[in-house]
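Trainee: I should like to learn how the features of a structural model are read. May we work through one together?

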Amino acid sequence: MNCKVLIALCCVAVYAAHASPAGAATAAAASADEEIKDFPAYMKRFDKLNVEQVLNNDRVLASHLKCFLNEGPCVQQSRDLKRVIPVIANNGCNGCTERQMTTIKKSLNFLRTKKPVEWARLVKIYDPSGTKLNKFLDA
């Protein structure tokens with residue numbers, strides 16, 4: 001009798017060990033892909049971001065670009081920024097403050113002029129038509 005209980009407990013433990021990570025990963029993936037419900041509130045998290053510091057640091061910029069291009073891991077800040085790119089490509093920056101709009105345009109123009117290869121790849125991923133992001137920047 002004790003042997004059956006022990007086997008049953010082992011089976012439950014093995015099942016729990018295998019089910020939890022997969023379930024957690026699925027839940028994390030689902031939340032990462034959710035639409036941004038309150039864009040202006042979401043954008044506030046970037047108000048204190050020192051864009052100059054990021055753009056002028058090759059290591060940090062490369063890390064962000066790898067995330068945006070799906071070629072490397074994403075730190076939380078990169079993940080948050082990555083969620084904004086398709087919204088900007090599709091809607092401009094509706095809901096952005098003037099300061100946020102200036103910062104975003106400065107960052108994207110930097111990539112467009114200083115990192116044209118990476119810019120072309122970003123446009124291909126987030127704006128397949130190739131018109132929306134450039135139109136946003138030229139407005």
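Mentor: Buried residues make up 27% of the 139 residues in the chain, where buried means under 20% relative accessible area, exposed over 50% and partly exposed in between, with a 1.4 Å probe and protein chains only. The model is predicted, so local features need pLDDT of at least 70 and side-chain atom pairs count only at pLDDT 80 or more, while totals for chains, interfaces and linings use all residues. Residues are numbered from 1 along each chain as its sequence is written, and side-chain values use heavy atoms, with hydrogens and water left out.

Trainee: How many helices and strands does the chain have?

Mentor: Helices (H or I, at least four residues) and strands (E, at least two) are DSSP runs, numbered from the N terminus. The chain has 8 helices and 0 strands, and its elements read α-α-α-α-α-α-α-α from the N terminus on.

Trainee: What share of the contacts joins residues at least 24 apart?

Mentor: Contact means heavy atoms within 4.5 Å. Among contacts between residues at least 6 apart in sequence, 68% join residues at least 24 apart.

Trainee: How is empty space in a model found, and what is the volume of the largest pocket?

Mentor: Rolling a probe the size of a water molecule over the atoms shows where empty space is left. On a 1 Å grid over the protein atoms alone, a cavity is a set of points where a 1.4 Å probe fits but cannot get out; a pocket is an open set with protein on both sides within 12 Å along at least five of seven lines, and lining residues have an atom within 4 Å of a point. Grid points are joined across faces, edges and corners, and a volume is the space filled by probe spheres set on the points. Here, the largest pocket has a volume of about 550 Å³. It is lined by 26 residues, of which L49, V51, L81, T103 and S107 are the closest to its centre.

Trainee: Which elements give two or more residues to that lining?

Mentor: They are α3 (51-55), α4 (58-68), α5 (76-91) and α6 (98-114). The largest share, 9 residues, comes from α6. By class, the lining has 18 nonpolar, 5 polar and 3 charged residues; Ala, Val, Leu, Ile, Met, Phe, Trp, Tyr, Cys and Pro count as nonpolar, Asp, Glu, Lys and Arg as charged, and the others, Gly among them, as polar.

Trainee: Is S107 buried or exposed?

Mentor: S107, in helix α6, counts as buried because its relative accessibility is 19%. Leaving aside neighbours within four places in sequence, S107 is in contact with V51 and L55.

Trainee: How is the packing of two helices described, and at what angle do α6 and α7 cross?

Mentor: Two packed helices are described by the angle between their axes and the distance between the axes. Axes are lines fitted to C-alpha atoms, for helices over the stretch in contact, and angles run from 0 to 180 degrees between N-to-C directions. The axes of α6 and helix α7 (residues 116-126) come within 5 Å and cross at roughly 120 degrees. The two helices are therefore oblique to each other: angles under 35 degrees count as roughly parallel, over 145 as roughly antiparallel, 65 to 115 as roughly perpendicular and the rest as oblique. On the α6 side the contact is made by L108, L111, R112, T113 and K114, and on the α7 side by P116, W119 and L122. By class, this contact has 5 nonpolar, 1 polar and 2 charged residues.

Trainee: Which residues does C67 touch?

Mentor: Not counting residues up to four places away in sequence, C67 touches G72, P73, C74, S78, R79 and K82. C67 lies in helix α4 and, at 0% relative accessibility, counts as buried. C67 and R79 are 12 residues apart in sequence and 7.3 Å apart in space, C-alpha to C-alpha. S78, in helix α5, likewise counts as buried at 0% relative accessibility; with the same exclusion in sequence, S78 touches H64, C67 and F68.

Trainee: What is the phi of N70?

Mentor: N70 has a positive phi of about 60 degrees although it is not a glycine. N70 lies in the loop between α4 and α5.

Trainee: Where is T131 found?

Mentor: T131 is found in the loop between α7 and α8 (132-138), and counts as partly exposed at 46% relative accessibility. T131 and A89 are 42 residues apart in sequence and 8.8 Å apart in space, C-alpha to C-alpha.
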